[in-house]
Amino acid sequence: MIKVLNVAEKPSVAKSVATILSRNQLRVRDGRSRYNKIFEFNYSINGQQCHMLVTSVTGHLMEVEFEDRYRKWHSCDPADLYTAPIRKHVPEDKLDIKRTLEEEARKCHWLVLWLDCDREGENIAFEVMEVCRGVNRNLTIRRARFSALIERDIHEAAQNLIAPNQWFSDAVDARQEIDLRIGASFTRFQTMLLRDRFVIDSAQDDKNLVLSYGPCQFPTLGFVVERYWEIQSHEPEEFWTINCTHRSDEGLASFSWMRGHLFDYTSSVILYEMCVEEPTATVMKVQQQEKLKYPPYPLSTIELEKRASRYFRMSSEQTMKVAEDLYQAGFISYPRTETDCFSSRTDLHTIVQEHQEHPVWGSYAQRLLDPGTGLWRNPSNGGHDDKAHPPIHPTKFSAGESRWSQDHHVVHFLLLVSTFAWQSFFSFWSNLAVMAFTESLKFSYSHFLQRLYELVVRHFLACVSQPAVGAETVVEIDIAGERFSASGRVILAKNYLDVYRFESWGDSMIPVYVQGQQKSDGMKLWAKLKHVRALDMFNPTALTLDSGVTRPPPLLSEADLLSCMDKAGIGTDATMHDHIKKLLDRFYVTKDANTRFSPTNLGEALVMGYDDMGYELWKPNLRSLMEYDMKEVSMGNKSKAEVLATCLQQMKACFLDAKVNKVKLLEAMAIFFNRSDRSNGDDSSALGENVRPCGLCQEANMVLRKNRDGNFMVGCSGYPQCRNAVWLPGPVLEATITNNICNSCTPGPVYLIQFKFRQLEIPPGFNVNHLGCVGGCDETLRQLIEICGTGSRAQARGRPTTTTPSNGPPTTTPRNPQRSNSRQAPCIYCYQTGHASTDCPSRISATRHVQSHGINQQNGESSIPCSTCGTPCVLRTANTANNRGRKFYSCSSQACNFFVWEDNLNNGSAPRSAPRPNISNSASNPSRTGGRGRGVQNAGRAAGVTFVSATGEPISGRRCFVCGDPSHFANACPSRGS
DNA sequence: GCAAGGTC
């Protein structure tokens, strides 16, 4: 009998496959890993009797890493990481699984791979193959291709085994390598460049702060920053709209102006006056139609995360944790799925049947199953299918498990923690506090479990329900040539909305209207029978000219962020929440109570730095291009080697360029953070840039450094073990390592340095700019050192004299930090000693303002309380074409959109609005005043009137722009009218 | 100390 080793991607799949193939006639035994059991049974594959062993891995078995020589951060120039050798190996925590595979593979003839049928799954398959082949070269290897864990699919897959797909696996290998090289190089570069130079206040422990860069995390950060900049640069603009209301016995109708709104006040007033003078409204059109509101598509992971965030304010990370636990406990299907359509083979009725007994939604489930109600509808297709998992749906009935909170392993963990705490504390009160804390965690976790389960069940029931039906009436009227419209809706059948309580679709009744000139006898009769007075003409109850201001978009919510990532292909359904969490963990963003994200100073500075360099490293395009290439590899259109070569070459060029332009990052950081004295405490600060391999210790690299006096040297990164150093001429003002390599000096490569000298300190005949080599071949450097020394101030302090042989390189001398540490020269800006000119506090404070795109926000200047919400306003400077340089106050609360131009503030009196340029004398404009006055009287407008923004959202809580009084708006302000 | 992707 042939012995077949079957390997699945996860234990649950191994169990399902084994159960289906064996028809539940199987034996289970433990492997070396406690989670990955081995199932045994007999099975026939294409008539061949087989003894099947089914086991699993837990996702990827291997990790890709740099060779040991490159693992330490200072071991090499980060640029070397684009070519440093890498290896794929099984990490410590996966060794048990590896051993199980080896032991079983030795005894088997065939290896059948049941990994998920996507690119990652294929790659894991090759990892499993590598391990198994390592101990049994004669294995026959086959791949099982299945799209769902249902009997038909699994049996079909077992009888139609195919060959593994090398292209799919190659695509993942390429992705892994690119991610590692880009991520590690940029992370090391920006961390070493910035961490010690600035006081980054967000971090508790600066020493361990890592400023990571990743091809997924940075574009995610980019979305947050971009929206923040959009808000910052938004300049509120006042607009005007005419509103008409009509109240009759049958109700109230609010007609909105079909022009929407106008930004030109005079035009608005003219049109408004025309309406006021001829206010009779003629009904021009009455349109009645049936409207359907469809239930959502079946639930995918991203949709689950978005909805849980929207409905329950759960973070995506929390949602995935809770969903995983529900899945482990068997209550819901696999929670990581892109699929939003059910297979025609899924038995949807049985799932609904299970819920008939539920105390809350049981009766709805019963109605669904009753053909007489006509409530059932086959779910619609969302158009996504990952071919591995069905949409998330309930798999086990629960009537609200009170035991969830006690049974669950997460709670077990919490209990363990509390037990530990119990043993650690002796005080009774401490124990009580720990117990209370544990209880509250249990309660809140159980609460999350129940809410998410409810969402999954209700969503599923909604999917198989008819859409809600409404009768909508749209009425169009004409007043003095201006068109207005109002709509009303009557819900005829709620259908899915009965169970999907998270969505609503309200009734809004309006009086009955009929089209003017066409009121037929039939219509009159109908109106009479209905006891309503059908109107074809009427006089508005109120006709108002209302003002509003355009508002910036809101900060990105978690659901918005997930949508952005999904749309741009950043991350996968299983990892998106990880990227969001990483931004929070790295102090790049913060999340407020409304689940809205703002960048921190650190996040904004990093994006600003790269943006100023002109790179789109923080935009999603890079990842999209990579994804495109990966797809090409998986389809066999491009080879892995080809994609790796081009992509890494481009990224290395980009990285080297970023290094050259690192000053942009430093400048951006300097806007938000104070310089740190940590980097000055040392003799010199490492720029982390490789100049050449160290010829003395032959282990580390020589890197370019600048000491606190501003003098440059090239020292071994192995300091203090290796004290090899090359001192550079004193007049060096700037030194930047280039990508050019010296042709003659060894050991190489020796990168040439672009020098800029202080004009007044170099002898005549020498050029201010010089591309030099520190390897020993550079005659110019040698002569300059001979003439000028290696820094007059350092020499004056008695640093070891540098000898410069006439025909040799600048001398290598041991460094002596103690002797080069003192600094006496006064700062050129403030004439104080104790700091370098580059770190002068007077300069830092002068440049320390937050600079955003479109807005210069000046901190520390006097502010006024917002007249709308009382939150302090921030003084900003407009940077738009029309108002560049003009200052305005805007409310610092995100929930409020108050703003006022500074030049309109009247000696500290209440803020008033800025007149628009084309109506600068509008306060004394009789037509404007007259129009407004009559309007107010006509309309009888009350304080509760709502402003509507440009995006159609109501703006609540606004006050008059002119005097701040909430009882009226700017257009009705008595002060302006007079 | 670094990425992103699987998964317990």
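**View 1. Contacts across chain A of a predicted model.** Among the contacts in chain A with a separation of 6 or more, 68% join residues 24 or more positions apart, a contact being a case of heavy atoms within 4.5 Å. This is a predicted model, in which local features need pLDDT of at least 70 and side-chain atom pairs count only at pLDDT 80 or more, while totals for chains, interfaces and linings use all residues. Residues are numbered from 1 along each chain as its sequence is written, chains are lettered from A and ligands numbered from 1 in the order in which they are written, and side-chain values use heavy atoms, with hydrogens and water left out.

**View 2. Strand β24 and its partners.** Five of the seven residues of strand β24 (residues 751–757) are buried, so this strand is largely enclosed by the rest of the structure; buried means under 20% relative accessible area, with a 1.4 Å probe and protein chains only, and strands are DSSP runs of E with at least two residues, numbered from the N terminus. Strand β23 (residues 732–741) pairs with β24 in the antiparallel sense over six bridges, where pairing requires that DSSP finds at least two bridges between two strands, and Ile737 stands opposite Ile753 in β24. Strand β25 (residues 769–772) also pairs with β24 in the antiparallel sense, over four bridges, and here Gln754 stands opposite Leu771 in β25.

**View 3. The surroundings of DNA strand B.** DNA strand B is surrounded by 44 residues, of which the closest are Lys94, Arg195, Tyr334, Thr575 and His579. Of the atoms of DNA strand B that come within 4 Å of the protein, 67% belong to sugar and phosphate.

Technical notes
Buried < 20%, exposed > 50% of the residue type's maximum accessible area, 1.4 Å probe, protein only. Near = heavy atom within 4 Å.
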